[in-house]
Amino acid sequence: MTTYSLNNQTDVPMISLQGTGNKLRDLRVSHGFSREDLGNELNCSYQAVANWENGRKTPSLDKCVALANLYKCHIEDLLDLEFFDNTPIEVHEEEQSYTVNTSLISHPSQFKKYVNHKVILKDGKPANGIYIISSFILNFEKGYLSDQQTQYGKILKPAVYSSDNKYTEHWKDGILHCENGPAIINGFKHYEEWWINGKQIKPKF
């Protein structure tokens, strides 16, 4: 297995996709637009608006300008910027086996097997850091699937996502959880699942 560290530069600004999506959704709702209405205003599709709000993509510069004009705000008001420190992030490549009667899985339908499941490595230590398995990236915190967050609780990376960003899962300490958006976004099959604290709920829009 290959293990290495990624060191971030101090005070580097990043756009939080989820935070920006939340801002864009709140602005749209507060101005009385449906996703379809906004798409018509900006000459783009309903799906493009959904992708922005679900944290899959950020609007292009011309769309940001159009949104700022529409909402009568600055472009900066549309974005959620974060600054992160240089805490090393461990990245582990290649498959590993675990001592808790499971193997590292690589298909989305199997990720739910990790609910409340602490993954312990062969050396007795809990899985921690980013694991690249097949075409998926998994983030573990002290043995549990969990979103990578800043010290202020802002999401930097989801717990599970595909390398092509078509599949995403948000977890918190071993349970599916996302407060302001879908916890599972399956772009392969075009559906979403909303979960709060491990319980599936109806979409909030």
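1. In this predicted model, the protein contains four helices and 16 strands. Of its 205 residues, 43% are buried. Where contacts between residues at least 6 apart in sequence are considered, 52% of them join residues at least 24 apart.

2. Helix 3 deserves attention among the helices. Six of its eight residues are buried, so helix 3 is largely enclosed by the rest of the structure. The buried positions are Ala 48, Val 49, Ala 50, Asn 51, Trp 52 and Glu 53, and the elements against which the buried residues of helix 3 pack are helix 1, helix 2 and helix 4, the last of these spanning 61-71.

3. The packing of helix 2 (residues 35-42) on helix 3 (residues 46-53) is described by an angle of about 110° and by axes that lie 8 Å apart. Helix 2 is therefore roughly perpendicular to helix 3, given that angles of 65 to 115 degrees are placed in that class. On the side of helix 2 the contact involves Arg 35, Glu 36, Leu 38, Gly 39 and Leu 42, while helix 3 contributes Tyr 46, Val 49, Ala 50, Trp 52 and Glu 53. Sorted by class, the residues in this contact of helix 2 with helix 3 are six nonpolar, one polar and three charged.

4. Helix 1 (residues 17-30) also meets helix 3, and here the axes come within 7 Å and cross at roughly 125°. This crossing makes helix 1 oblique to helix 3. The residues involved are Leu 17, Gln 18, Gly 21, Asn 22, Leu 24, Arg 25 and Arg 28 from helix 1, together with Val 49, Trp 52 and Glu 53 from helix 3. By class, four nonpolar, three polar and three charged residues make up the contact of helix 1 with helix 3. A reader comparing the two lists will find Val 49, Trp 52 and Glu 53 in the contact with helix 2 and again in the contact with helix 1; these three residues are also listed as buried in helix 3.

5. The segment that follows helix 3 can be checked at two positions. Gly 55, just after helix 3, takes a positive phi of about 80°. Lys 57 is placed in the loop between helix 3 and helix 4, and with a relative accessibility of 52% this lysine counts as exposed. Leaving aside residues up to four places away in sequence, Lys 57 touches Leu 17, Asn 51 and Trp 52. The C-alpha atoms of Lys 57 and Gly 21 are 8.5 Å apart in space, although 36 residues separate the two in sequence; Gly 21 is one of the helix 1 residues in the contact with helix 3.

6. On the cysteines, the structure holds zero disulfides. For Cys 64, the closest cysteine sulfur is that of Cys 73, at 9.7 Å, which is too far for a bond because a disulfide requires the two sulfur atoms to be within 2.5 Å. Cys 64 itself counts as buried, at 7% relative accessibility.

7. Two strand residues are worth examining in turn. Ile 155 belongs to strand 9 (residues 155-157) and, at 18% relative accessibility, counts as buried, since the cut-off is set at under 20%. Ile 155 and Ser 16 are 139 residues apart in sequence, yet their C-alpha atoms are 6.9 Å apart in space. Ser 162 lies in strand 10 (residues 160-162) and is buried, with a relative accessible area of 1%. A polar atom of the Ser 162 side chain lies 3.1 Å from the backbone nitrogen of Lys 166. Not counting residues up to four places away in sequence, the residues that Ser 162 touches are Ser 135, Phe 136, Ile 137, Tyr 167 and Phe 188.

8. The last point concerns His 177, which is found in the loop between strand 13 (175-176) and strand 14 (184-186). Is this loop histidine buried or exposed? With a relative accessible area of 9%, His 177 is buried. Its neighbours, again without residues up to four places away in sequence, are His 170, Trp 171, Lys 172, Ala 183, Trp 195, Ile 196 and Asn 197, each of which His 177 touches. The loop residue Lys 57, by contrast, is exposed at 52% relative accessibility.

Methods. Residues are numbered from 1 along each chain as its sequence is written. This is a predicted model: local features need pLDDT of at least 70, side-chain atom pairs count only at pLDDT 80 or more; totals for chains, interfaces and linings use all residues. Side-chain values use heavy atoms; hydrogens and water are left out. Buried means under 20% relative accessible area, exposed over 50%, partly exposed in between (1.4 Å probe, protein chains only). A polar contact is a pair of N or O atoms within 3.5 Å; within protein, one must be able to donate a hydrogen and the other to accept it, and residues adjacent in sequence count only if both atoms are side-chain atoms. Contact means heavy atoms within 4.5 Å. Axes are lines fitted to C-alpha atoms, for helices over the stretch in contact, and angles run from 0 to 180 degrees between N-to-C directions. Angles under 35 degrees count as roughly parallel, over 145 as roughly antiparallel, 65 to 115 as roughly perpendicular and the rest as oblique. Ala, Val, Leu, Ile, Met, Phe, Trp, Tyr, Cys and Pro count as nonpolar, Asp, Glu, Lys and Arg as charged, and the others, Gly among them, as polar.
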